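Biologist: I should like to learn how to read a structure that is new to me. Could we begin once it is in view?

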Amino acid sequence: TRSTRPQRLLGAVRRTATRGDPRSVVRAIDDFCRHTEWAMNVGDEKGTGCILDSVVSEVSPATVLELGTYCGYSTVRIATLLPPGAKLITLEFNPDFALIARQVIAWAGLEEKVHLVEGSSGDLIPLMKEKFGVKSFDLVFLDHWKDRYLPDTKLLEECGLLQKGSVLLADNVICPGSPDYLEYIRNSPKYRSQHFKSHLEYTKVEDGLEKSVFLG
Ligand SMILES: Oc1cc(-c2ccc(F)cc2)cc2cncnc12
Ligand SMILES: [Mg+2]
């Protein structure tokens, strides 16, 4: 039977990236998606130049939550920039994506820094403290279903998983878009938000990331 897009993306990583070299894994995925087959990775424009990399470096988080692993592209991007001892927990609902992402993360040699958990964010976020020993997250990267951005943000608040200074970074707030999330986060006195215009990965379509600092 025909392979899936994530399987073809993993094949490109195995063929062209060096084991244990996360930057070569990121480059292999970007090249594959730009020249062979588009895939919904945050990409090199929203990744490198502007925002994801600079926010991670600026926050230098000890604990990161990523919502939506897909093939592990942003997982590898973020984990590469983490200080020693830092942990990244990434949640993926789709078991086929999770299986590919585990192999991409392993190829990059980042298994020690990354804990991939399969399941729905709505079910897993309330378990973060008791099951994963997380006190709070310094950085949350929202990159999953757009209609889960707002409920999951409220859940993080209710579960006491955000502290003063915690940063939420949301992908795709323009395309596909998450209007209810933007409305809430930009008008809530609990957050200070900033929008970074960019483009949908590997295209000229308008998109952007929203960075919001939790004020406690
Ligand atoms: O970065 C993303 C992009 C798109 C997407 C797909 C199709 C299209 F036409 C436009 C945009 C979907 C996503 C779902 N989850 C996480 N990230 C995503
Ligand atoms: Mg995205």
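Modeller: We may begin with the metal site. Donors are N, O and S atoms within 2.8 Å of the metal (3.2 Å for Na, K and Ca), and water is not among the atoms, so sites may look incomplete. Here the magnesium ion (ligand 2) has as protein donors D143 (OD), D171 (OD) and N172 (OD1), at 2.1 to 2.3 Å from the ion. This is a predicted model, in which local features need pLDDT of at least 70 and side-chain atom pairs count only at pLDDT 80 or more, while totals for chains, interfaces and linings use all residues. Residues are numbered from 1 along each chain as its sequence is written, chains are lettered from A and ligands numbered from 1 in the order in which they are written, and side-chain values use heavy atoms, with hydrogens and water left out.

Biologist: How are the donor residues of the magnesium ion (ligand 2) spaced in sequence?

Modeller: The spacing of these donor residues is D-x27-D-N. D143 lies in the loop between β4 (137-142) and α9 (149-158), and N172 in the loop between β5 (162-170) and α10 (173-177); this pair, 29 residues apart, links distant parts of the chain. Helices (H or I, at least four residues) and strands (E, at least two) are DSSP runs, numbered from the N terminus.

Biologist: Are D143 and N172 buried or exposed?

Modeller: Buried means under 20% relative accessible area, exposed over 50%, and partly exposed in between (1.4 Å probe, protein chains only). Both D143 and N172 are buried.

Biologist: Which residues surround ligand 1?

Modeller: For such a list, a residue counts as near a molecule or strand if one of its heavy atoms lies within 4 Å of it. Around ligand 1 are W38, M40, D143, H144, K146, D171, N172, C175, P176, L200 and E201. D143, D171 and N172 are also donors of the magnesium ion.

Biologist: Which polar side-chain atoms lie by an oxygen atom of ligand 1?

Modeller: A polar contact is a pair of N or O atoms within 3.5 Å; within protein, one must be able to donate a hydrogen and the other to accept it, and residues adjacent in sequence count only if both atoms are side-chain atoms. E201 has a polar side-chain atom 2.6 Å from an oxygen atom of ligand 1. An N or O atom in the side chain of N172 is 2.7 Å from an oxygen atom of ligand 1, and a polar side-chain atom of K146 is 3.4 Å from a nitrogen atom of the ligand. Of the 400 Å² of accessible area that ligand 1 has on its own, the protein covers 69%. Accessible areas come from the Shrake-Rupley method with a 1.4 Å probe; for residues, only the protein chains shown count as cover.

Biologist: What is the geometry of the peptide bond from C175 to P176?

Modeller: That bond is cis, with omega near 5°. P176 belongs to helix α10.

Biologist: Which residues does T153 touch?

Modeller: Contact means heavy atoms within 4.5 Å. Leaving aside residues up to four places away in sequence, T153 touches L142, L168, Y181, Y184, I185 and Y191. T153 is part of helix α9 and is buried, with a relative accessible area of 0%. T153 and Y184 are 31 residues apart in sequence, and their C-alpha atoms are 9.8 Å apart in space.

Biologist: What is the phi of S60?

Modeller: S60 has a positive phi of about 45°, although it is not a glycine. S60 sits in the loop between α4 (51-59) and β1 (63-67), and is partly exposed, with a relative accessible area of 40%. Y202, also not a glycine, has a positive phi near 65°. Y202 is in the loop between β6 (191-199) and β7 (206-214) and is buried, at 14% relative accessible area.

Biologist: How many helices and strands are in the protein?

Modeller: The protein has 11 helices and 7 strands. Buried residues make up 54% of its 216 residues.
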